[in-house]
Amino acid sequence: MSGPVYAVENLVIDLYTPTVSVRAVDGVSFVVNSGETLAIVGESGSGKTVMTLGPLGLMPEGVTIDLHGSVTAAGQDLVKISPRKLSKLRGGQFGVIFQDPMSALNPMLKIGPQLAEQARRFAGLSAGDARREAVSLLARTGIPDPEDRYDRYPHELSGGMLQRAMIALALAARPRVLIADEPTTALDATVQAQILALLRQIQEEDGIAVVLITHDIGAVSVLADRVIVLYAGRIAEEGSAIDVLTAPVHPYTRGLLASVPDFRSETATGTREIPGLPPDQTRLLPGCNFADRCAQTVASCRQKRPEVTRVGGTAVPHQAACPVVIAAEGIAHHA
């Protein structure tokens with residue numbers, strides 16, 4: 001695994017609609033290394049997608065964003081560059097797999113020409129080479145009879161085949177970072193497993209970085225090298241997949257894992273839900289944003305924002321933002 005291809009430093013993102021403003025991302029810092037798979041997990045509304053796609057200019061219509069901090073890729077700060085430069089960097093450096101391929105693929109155009117156009121625009125291929133590259137990508141992503149599928153419209157493919165076509169489209173520009181936003185949503189279990197295996201194969205063969213945005217802990221255990229647990233726009237915990245999934249520290253991480261059903265256990269009686277609701281992010285309050293849902297909350301939790309502190313790990317530091325648990329369980333790391 002080599003150095004960072006994507007670095008985020010103290011990123012703050014405010015969302016504005018005609019009726020409300022929301023602090024969706026609140027002072028987040030992390031890096032994505034070449035050749036690794038980083039999973040970003042959390043409940044719906046935790047800020048996973050906004051944190052990743054907002055700096056790329058990929059927010060829905062009607063939503064205005066204000067970004068502070070830095071997001072660096074290919075030697076450029078995505079927060080500061082012009083929309084024209086951002087568009088060029090976005091296509092060449094980043095490939096995005098959206099959770100709904102029907103909204104990302106143009107329903108009025110055949111699938112193959114959409115891939116070929118992407119290859120021509122960002123990989124600099126001729127028309128003939130771009131067509132061959134598109135057919136090759138369809139084949140590589142497991143779409144049978146790719147020559148025929150090249151001339152099909154999106155509505156003529158099944159959900160699983162559409163997601164494979166979406167992956168092919170994301171790869172057409174030969175990116176260094178592949179962002180997969182809930183790539184297995186609305187797919188049955190068998191197809192989900194196939195898509196996850198395909199992403200792993202692509203990551204290993206191409207050596208690119210994969211950023212997996214998900215709430216599916218099963219997908220994290222299959223794909224991720226490293227995990228960031230996001231809660232209400234802040235990092236609650238970060239570390240290797242093994243450390244975070246087997247030795248979680250933050251109460252929110254523990255709650256997420258406890259809510260996953262264990263079908264292997266003969267004594268399992270059901271899942272445990274995290275009590276309460278996420279905080280109202282239209283109001284900025286001091287302290288830990290998980291305090292109202294946490295059974296271990298003390299007075300200081302509501303007074304001061306907890307810092308992310310190293311608690312273990314070797315090659316990959318294990319960090320968590322909960323001084324109460326760290327102190328109570330004596331798990332602070334001493335380098």
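## Starting with one asparagine

In which strand is N10 found? Look in β1, the strand made of residues 4–16. Keep in mind as you browse that this is a predicted model.

N10 catches the eye for its backbone: phi is positive, at about 50°, although the residue is not a glycine. As background, most residues other than glycine have a negative phi. How buried or exposed is N10? Its relative accessibility is 45%, and because buried means under 20% and exposed over 50%, N10 counts as partly exposed.

## The sheet around β1

β1 belongs to an open sheet of 4 strands, and if you walk across that sheet the order reads β2-β1-β4-β5. The pairing here is antiparallel. Generally speaking, strands of a sheet pair through backbone hydrogen bonds, either parallel or antiparallel.

Which strands stand at the edges? Those are β2 (21–33) and β5 (76–77). Each has a single partner strand, so one side of each is left without a neighbour in the sheet. For β1 and β2, the antiparallel pairing runs over 10 bridges. If you want a spot to zoom in on, try Y16, which stands opposite S21 in β2.

## Another positive phi

R174 is also a residue other than glycine with a positive phi, this one near 60°. Where does R174 sit? Its place is in the loop between α7 (159–171) and β7 (177–181). With a relative accessible area of 48%, R174 is partly exposed.

## Stepping back to the whole chain

Zoom out and you'll find 12 helices and 12 strands in the protein. The radius of gyration is 21 Å, close to the 20 Å that the globule rule gives for 335 residues, so the protein is as compact as a globular protein of that length. Along its principal axes, the C-alpha trace spans about 65 × 55 × 45 Å.

How much of the protein is buried? Buried residues make up 47% of the 335 residues. As for who touches whom, take the contacts between residues at least 6 apart in sequence: 64% of them join residues at least 24 apart.

## Surface and charge

The accessible surface comes to about 16,000 Å², and 52% of that belongs to carbon and sulfur atoms. On the charge side, the protein has 30 positive and 35 negative charges. The mean positions of those two sets are 5 Å apart.

Definitions and conventions. Residues numbered from 1 in each chain as written. Predicted model: local features only at pLDDT ≥ 70, side-chain atom pairs only at ≥ 80, totals over all residues. Heavy atoms only, no water. Helix = DSSP H or I, 4+ residues; strand = E, 2+ residues; numbered from the N terminus. Rg over C-alpha atoms; globule rule 2.2 N^0.38 Å. Buried < 20%, exposed > 50% of the residue type's maximum accessible area, 1.4 Å probe, protein only. Contact = heavy atoms within 4.5 Å. Areas by Shrake-Rupley, 256 points an atom, 1.4 Å probe, with all protein chains shown as cover. Lys, Arg positive; Asp, Glu negative; His and termini not counted. Charge placed at Lys NZ, Arg CZ, Asp CG, Glu CD. Pairing = 2+ DSSP bridges.
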